[in-house]
Amino acid sequence: DDNKKKDDNKKKDDNKKKDENKKKDNKDDNKKKDDSNNKSNTTDLSTLDPTRLDIRIGKIMKCWNHPDSTKLLCEEVDVGDGEGAIRTIASGIREYYSAEEMVNKYVVVICNLKERSIAGFK
């Protein structure tokens with residue numbers, strides 16, 4: 001009888017351990033899934049290469065308040081493309097500078113960023 005009870009108790013303990021391990025494995029799997037989802041939203045800093053950035057000094061030729069935003073200024077910036085090409089840029093600096101202050105100022109521009117729309121401004 002004692003041996004049978006010991007065997008039954010051992011089986012119960014083994015089953016408990018298996019259940020605990022399954023729960024732990026499920027938590028680990030869920031954590032891995034969450035981590036992989038987060039990785040798609042972040043950039044691996046070890047692969048960034050700052051030498052690929054096209055950084056230029058530009059002169060703000062024209063500047064105005066964005067009509068639909070209280071935070072944005074819109075600028076036309078001459079970055080010296082050789083053909084006199086003017087770039088249109090939106091900046092979130094309106095609470096710090098007025099549009100009039102920015103005209104004829106020199107700014108740093110990263111010229112090879114992908115174009116995107118900010119508050120309807122391209």
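This briefing covers a nonpolar surface patch, the cysteines and one serine contact. The model is predicted. Seven residues, Leu53, Ile55, Ile57, Tyr106, Val108, Ile110 and Leu113, make a nonpolar patch on the surface. The structure has zero disulfides.

**Nonpolar patch**

- The patch covers about 730 Å².
- Two elements, β1 (55-65) and β4 (106-110), each give two or more residues to the patch.
- Strand β4 gives the most, with three residues.
- Ile57, one of the patch residues, is found in strand β1.
- Ile57 has a relative accessible area of 54%. Exposed means over 50%, so Ile57 counts as exposed.

**Cysteines**

- A disulfide is a covalent bond between the sulfur atoms of two cysteines.
- The structure holds zero such bonds.
- Cys63 is in no disulfide. The nearest cysteine sulfur belongs to Cys74 and is 7.7 Å away. A disulfide needs the two sulfur atoms within 2.5 Å, so this pair does not qualify.
- Cys63 has 13% relative accessibility, and it counts as buried because the cut-off is under 20%.
- Cys111 is also buried, with a relative accessible area of 10%.

**Ser69**

- Ser69 is found in the loop between β1 and β2 (73-78).
- At 16% relative accessibility, Ser69 is buried.
- The Ser69 side chain reaches the backbone nitrogen of Lys71 at 3.1 Å. The limit for a polar contact is 3.5 Å, and the Ser69 distance lies within it.

Definitions and conventions. Residues are numbered from 1 along each chain as its sequence is written. This is a predicted model: local features need pLDDT of at least 70, side-chain atom pairs count only at pLDDT 80 or more; totals for chains, interfaces and linings use all residues. Side-chain values use heavy atoms; hydrogens and water are left out. Patches are made of residues with over 30% relative accessible area and no salt bridge: like charges are joined within 9 Å, nonpolar side chains (Val, Leu, Ile, Met, Phe, Trp, Tyr) within 5 Å. Accessible areas come from the Shrake-Rupley method with a 1.4 Å probe; for residues, only the protein chains shown count as cover. A salt bridge is a side-chain nitrogen of Lys or Arg within 4 Å of a carboxyl oxygen of Asp or Glu. Helices (H or I, at least four residues) and strands (E, at least two) are DSSP runs, numbered from the N terminus. Buried means under 20% relative accessible area, exposed over 50%, partly exposed in between (1.4 Å probe, protein chains only). A polar contact is a pair of N or O atoms within 3.5 Å; within protein, one must be able to donate a hydrogen and the other to accept it, and residues adjacent in sequence count only if both atoms are side-chain atoms.
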